[in-house]
Amino acid sequence: MGERKAMRVRASVPITADTGGQSKAGSAARVAASSALPPYQTIALVLQGGGALGAYQAGVYEGLHDAGIEPNWITGISIGAINTAIIAGNAPEHRVSRLKTFWNTVCQPAYGLPLPPAVEHALFDSSTPVRTAFTAMQALSAIVDGQKGFFVPRVPPPLPFVQGPPSAASWYDTAPLKATLERLCDFDRINSGETRVSVAAVNVGTGNFAYFDNQHTKLRAEHFIASGSLPPGFAATEIDGEFYWDGGLMSNTPLSEVIQASPRRDTLAFQVDLWSARGPVPTNLTDVQGRMKDIQYSSRTRLVTDMMQHSQRFRHVLREVLARVAPEHRSDPWCKLAEELSSSHRYNVFQLIYSDKEFDGNYKDYQFGASAMQSHWTCGLRDIRDSLAQPGWLDMPDNDAGFVTHDIHRDLR
């Protein structure tokens, strides 16, 4: 267990650009950590939607990268899909630096100059009332000005009852995001199959959930943008004549896609959620709006995880019962059907869930301040390092369900 304990290092890092290089000591630590993993066939990174909170996911990925754990399947929704594109669209040694480039870019206002870093940090690190007012002003800036390399207001703004193309029926234009993704991501790498990539959206015309997967579809920037096209802020994205909205409108986690994949495989999944089901009862209308978002976007995650755990337990129990059936009865049609439904594969799910900070308001998903982003990133890095440091958490499950979940905030309370 020495390698895992070694992962628990400093929890706070500046979000500065780097060259993607590594020291010999860091490289040796990555090899030692990755060699300690059981033989999981799938290592999945599952990224939920949550706008500006997505920097937390980038911190989690940095911790996995530092530990020598590289996913072979990355799947995301909304901002999780954008992070997916940047991770999968770059060589492993460049992924963290590209994530930093993206987040440092989109945390600047689309128009005008950002505050000097010293002033930004001074206001953010001030008293609670000052910090709260400052972050609220940054959220207001996102509404009025947009964010650099991400979205800008439509000028003139659309009129509610005036007809126009679906691609213009929104308050903001995401053309800058397309340019950003095409600059930071290698789509040939994404489509090479080196890493499985899948993102989810909702077909506006049919109301059906749609998964875009590089095993079946040649992915473009539009597929990732579609997954984050949350109305009415962002317009539906057109792909091959169909229009798509943000996948979070139906389900904000793609975990079921990983767990239900066929053929079944021993799986280690890192599920990175940006909305916590647990939280205080709000005492004012502003907090009511924030708590509504938490419940709305986290409820599906809990439902999916519970259903998958129960389903896998039944499959495991069925497998054990079949092993006790006499050989002369195994050709019975019911036994053959049971054989198809049973499974001996195992699933280990790490749940990394962003925890609200005192400066978070109901606008936390569109508060793109650089200091808040750095705080989110650092929290993700700390949470994954603390999780990987727990003895036995990476082990292959050996319970009757063949399915375990770990949550650093729940399990260590």
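Is phenylalanine 151 buried or exposed? Phenylalanine 151 is buried, with a relative accessible area of 6%. The model is predicted. This briefing covers its nonpolar cores, its aromatic contacts and its two largest pockets.

**Nonpolar cores**

- The largest nonpolar core has 70 residues, and the members that touch the most others are Leu45, Trp103, Leu181, Phe224, Phe270 and Leu388.
- Seven residues of this core come from helix α4 (residues 79–88), which gives the most to it.
- A second core of 14 residues is separate, with Trp73, Val304, Tyr347 and Phe403 among its members.
- In soluble globular proteins, nonpolar side chains tend to be buried together.

**Aromatic pairs**

- There are 15 aromatic pairs in the structure.
- One of them joins phenylalanine 150 and phenylalanine 151, whose ring centres are 5.1 Å apart; the pair is edge-to-face because the planes lie at 75°, and planes over 60 degrees apart count as such.
- Phenylalanine 150 counts as buried because its relative accessibility is 7%, and the cut-off for buried is under 20%.
- The rings of phenylalanine 350 and tryptophan 393 also make a pair, with centres 6.0 Å apart and planes at 75°, so this pair is edge-to-face.
- That pair links distant parts of the chain, 43 residues apart: phenylalanine 350 belongs to strand β10 (residues 347–353), and tryptophan 393 to the loop between α14 (370–388) and β11 (403–407).
- Both phenylalanine 350 and tryptophan 393 are buried.
- One aromatic cluster is formed by Phe150, Phe151, Tyr172, Phe234 and Phe368.

**Charges over rings**

- Arginine 131 has its charged end over the ring of phenylalanine 124, 5.0 Å from the ring centre.
- Arginine 196 has its charged end over the ring of tryptophan 73, 3.9 Å from the ring centre; Trp73 is also a member of the second core.

**Largest pocket**

- The largest pocket holds about 810 Å³ of space.
- It is lined by 39 residues, of which Ser276, Arg278, Gly279, Arg291 and Asp294 are the closest to its centre.
- Helix α12 (285–322) gives the most to this lining, with eleven residues, while β10, β11 and α15 (408–411) each supply at least two.
- By class, the lining has eight nonpolar, 16 polar and 15 charged residues.

**Second largest pocket**

- The second largest pocket holds about 690 Å³ of space.
- Of its 33 lining residues, Gly51, Leu230, Phe234, Asp365 and Tyr366 are the closest to the centre; Phe234 also belongs to the aromatic cluster.
- The elements α4, α7 (128–145), α10 (221–227) and α12 give two or more residues to this lining.
- The lining divides into 20 nonpolar, ten polar and three charged residues.

Note on methods: Residues numbered from 1 in each chain as written. Predicted model: local features only at pLDDT ≥ 70, side-chain atom pairs only at ≥ 80, totals over all residues. Heavy atoms only, no water. Core = buried A, V, L, I, M, F, W, Y, C linked by side-chain atoms within 4.5 Å. Buried < 20%, exposed > 50% of the residue type's maximum accessible area, 1.4 Å probe, protein only. Helix = DSSP H or I, 4+ residues; strand = E, 2+ residues; numbered from the N terminus. Phe/Tyr/Trp six-rings, centres within 6.5 Å; stacked < 30°, edge-to-face > 60°. Lys NZ or Arg CZ within 6 Å of the ring centre and 35° of its normal. 1 Å grid on protein atoms, 1.4 Å probe; cavity = no way out; pocket = protein on both sides within 12 Å on 5 of 7 lines; lining within 4 Å. Points joined across faces, edges and corners; volume = space filled by probe spheres on them. Nonpolar A, V, L, I, M, F, W, Y, C, P; charged D, E, K, R; others polar.
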